[in-house]
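Grab your viewer and a coffee. Here is a handful of exercises, each with a worked solution.

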Amino acid sequence: MPNARLLRGALPSKILYFSLKLGKLLRVPSLLAQHTCLFRILAPTLHGDGRFHLPLVGADRAASRSVSCSATGGDASAEANGGLPARRLCVAPMMDWTDRFDRYFLRLFSKNTWLYTEMITTGALIHGDSHRHLQYHDAEHPIAVQLGGSEPADLAKCAKMCEEYGYDEINLNVGCPSERVSSGSFGACLMAEPDLVAECLAAMAAEVSVPVTIKHRIGIDDQDSYEHLCKFVDTVQSKSPTRTFIVHARTAILKGLSPKQNREIPPLKYHFVHQLKQDFPHLEILINGGINDLPHASTHLQHVDGVMIGRAAYNTPFQVLAEADRDIYGEDVTPKTRQEVLEQMLPFIEEQLAEGVSLNSITRHMLGLFHGCKGGKAFRRHLSDNVHKDGSGIHTLMEAVERVPLAVRMGLVPDNFKEPLDVLLPDGIPSPALSDLQVAASRLSLPEISRAFSFPASSEAQQSARARGKLGKGGGSWMKKELGVENACTWISERGFQLSQAGVAQA
């Protein structure tokens with residue numbers, strides 16, 4: 001049974017009655033803040049083609065709800081870091097990717113993870129449109145800006161500009177291996193000149209009060225031994241105030257390899273970075289390179305102070321960041337669902353569209369939201385095919401979202417769930433509409449479900465545990481598990497249903 005439903009004709013008024021009854025019972029913030037919000041799941045939106053589309057849950061609620069993204073890490077870490085979270089997890093600066101639209105999107109998954117801008121050259125700030133490069137949303141904190149350059153005076157001037165914009169950290173790029181960057185005498189090629197790097201960092205630190213940090217490789221070309229790495233770090237830390245080193249655990253090959261090849265071909269030497277923390281225990285050492293998920297990050301946190309993740313956080317943001325505040329920062333929080341992230345993203349998108357920003361500038365960063373999920377390919381295809389068309393807007397995103405089953409968006413089924421979502425269908429309610437409602441109701445206990453539909457709760461239902469929606473093949477299987485086959489059949493038959501091999505059918 002598809003979840004992206006196109007309904008023809010009007011739905012019975014009975015749907016509104018049931019939605020309002022259930023809305024009064026639901027107390028889940030991700031679903032609704034007022035009982036009329038669930039009606040948006042059921043009440044279709046009439047499009048110009050005469051078809052009815054089920055709208056995105058909570059769009060109205062999200063528009064009136066402020067998103068809280070204040071940074072509050074652990075007490076000790078926050079105190080040691082000026083009240084900001086520790087840099088236990090960071091999203092790497094990535095050219096053309098980590099712009100302000102992507103950073104706002106990523107912030108919705110985790111309030112503690114540090115976000116970094118794309119690298120901004122000193123020339124772009126001094127001679128170009130500095131506001132375009134430096135503007136960001138207040139919700140992005142904690143946020144660091146990465147600068148590229150090799151002239152101490154220019155870097156100092158730009159660092160001051162960045163601090164005036166309110167950035168929490170200023171990072172110097174000494175790791176980019178591209179020939180274009182190297183020809184400008186900055187990036188990874190600076191590892192051959194540790195004294196100049198220290199001079200640049202010292203000049204920047206003299207102009208600002210926020211931390212000045214460095215991101216670099218473990219070496220360049222044939223200068224790739226651990227001894228060379230130690231010499232570089234020792235020189236920089238002894239001749240500048242910088243105490244935070246973000247180390248990409250690969251050597252940069254400046255001649256012969258593209259930036260993409262430099263991310264893949266040189267072998268990862270994590271042990272170099274782990275040992276660096278042992279030899280310089282007073283420094284804050286973060287590791288970067290080839291780390292794709294939180295379990296992998298957690299293993300490194302046994303050896304270093306923090307982990308920086310790049311493309312995995314961009315391509316699969318939910319899988320990488322949704323549980324970061326709980327698993328990395330130890331907070332007692334429930335990770336957001338994809339549905340909640342979408343709800344909180346809508347007001348921002350509407351605001352940016354009103355200011356003339358193109359839809360694609362924002363949604364291109366959201367293509368990985370449903371990576372590996374049922375409906376994920378259809379979501380990406382619809383956006384890619386329609387986002388550039390005249391008249392595209394917030395409805396284009398909502399139409400793409402409809403390609404993904406609500407149960408997937410709400411996290412009620414695993415990401416790799418591929419079976420049809422067979423559900424209980426009360427008499428008189430069209431199955432396409434109610435299936436979404438039933439998925440929402442599966443978060444309630446059985447007595448609450450029965451009250452929502454004006455059914456008396458059976459003693460078996462009252463004694464059951466919460467029915468968490470095991471919506472596998474064969475509707476009603478979750479009820480069988482909770483009540484036992486005999487009691488479940490009784491509960492269902494009393495209300496006009498019968499179990500069948502295909503699912504739950506009307507009696």
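**Exercise 1.** How many bridges join strand 10 to strand 11, and what stands opposite I287?

*Solution.* This is a predicted model, so read everything below as computed from it.
- Start with the pair: strand 10 (284-288) and strand 11 (residues 306-309) run parallel, with 3 bridges joining them.
- Now pick out I287: the residue opposite is V307, in strand 11.

**Exercise 2.** Zoom out to the whole sheet: in what order do the strands close into a barrel? Which strands does helix 8 touch, and which does helix 13 touch?

*Solution.*
- Walk round the barrel: 8 strands close up in the order 4-5-6-7-8-9-10-11, with parallel pairing.
- Between neighbouring strands of this sheet the average turn is 30°, direction ignored.
- Next, helix 8 (residues 152-164) packs on the sheet, where it touches strand 6 (143-148) and strand 7 (169-174). The direction of helix 8 makes about 160° with that of strand 6.
- Helix 13 packs on the sheet too, touching strand 8, strand 9 and strand 10. Against strand 10, the direction of helix 13 makes about 170°.

**Exercise 3.** Stay with helix 13: which of its residues are buried, and what do they pack against?

*Solution.*
- Helix 13 spans residues 270-279, and its buried residues are Y270, F272, V273, H274, L276 and K277.
- Their packing partners include three strands you've just met: strand 8 (212-220), strand 9 (244-252) and strand 10.
- Add two helices to that list, helix 11 (226-239) and helix 14 (294-300).

**Exercise 4.** Helix 11 has another partner, helix 10: at what angle do they pack, and which residues make the contact?

*Solution.*
- Helix 10 (residues 194-207) and helix 11 pack at about 35°, with 8 Å between their axes.
- Their crossing is right-handed.
- On the helix 10 side, the contact uses P194, D195, V197, A198, L201 and A202; helix 11 brings F232, T235, V236 and K239.
- Sorted by class, that contact has 7 nonpolar, 1 polar and 2 charged residues.

**Exercise 5.** Are helix 18 and helix 21 roughly parallel or roughly antiparallel?

*Solution.*
- Get the geometry first: helix 18 (residues 338-354) and helix 21 pack at an angle of about 155°, and their axes are 10 Å apart.
- Angles over 145 degrees count as roughly antiparallel, so helix 18 is roughly antiparallel to helix 21.
- The crossing of these two helices is right-handed.
- Helix 18 makes the contact with L342, L346, I349, E350 and L353, while helix 21 uses I394, L397 and V401.
- The class count for this contact is 7 nonpolar, no polar and 1 charged.

**Exercise 6.** Is V387 buried or exposed, and which residues is V387 in contact with beyond its sequence neighbours?

*Solution.*
- Locate V387: the loop between helix 20 (376-386) and helix 21 (394-401).
- The relative accessible area of V387 is 7%, and the cut-off for buried is under 20%, so V387 is buried.
- Skip neighbours within four places in sequence and the contacts of V387 are L359, N360, T363, H382, S392 and T396.
- R364 lies 23 residues from V387 in sequence, with a C-alpha to C-alpha distance of 9.1 Å.

**Exercise 7.** What share of the chain's residues is buried?

*Solution.*
- The chain has 507 residues, and 56% of them are buried.
- For context, the chain has 27 helices and 13 strands.
- Among contacts between residues at least 6 apart in sequence, 70% join residues at least 24 apart.

How values were computed: Residues numbered from 1 in each chain as written. Predicted model: local features only at pLDDT ≥ 70, side-chain atom pairs only at ≥ 80, totals over all residues. Heavy atoms only, no water. Helix = DSSP H or I, 4+ residues; strand = E, 2+ residues; numbered from the N terminus. Buried < 20%, exposed > 50% of the residue type's maximum accessible area, 1.4 Å probe, protein only. Contact = heavy atoms within 4.5 Å. Axes fitted to C-alpha atoms, helices over the stretch in contact; angles between N-to-C directions. Parallel < 35°, antiparallel > 145°, perpendicular 65-115°, else oblique. Left-handed = near helix turned anticlockwise from the far one by under 90°. Nonpolar A, V, L, I, M, F, W, Y, C, P; charged D, E, K, R; others polar. Pairing = 2+ DSSP bridges.
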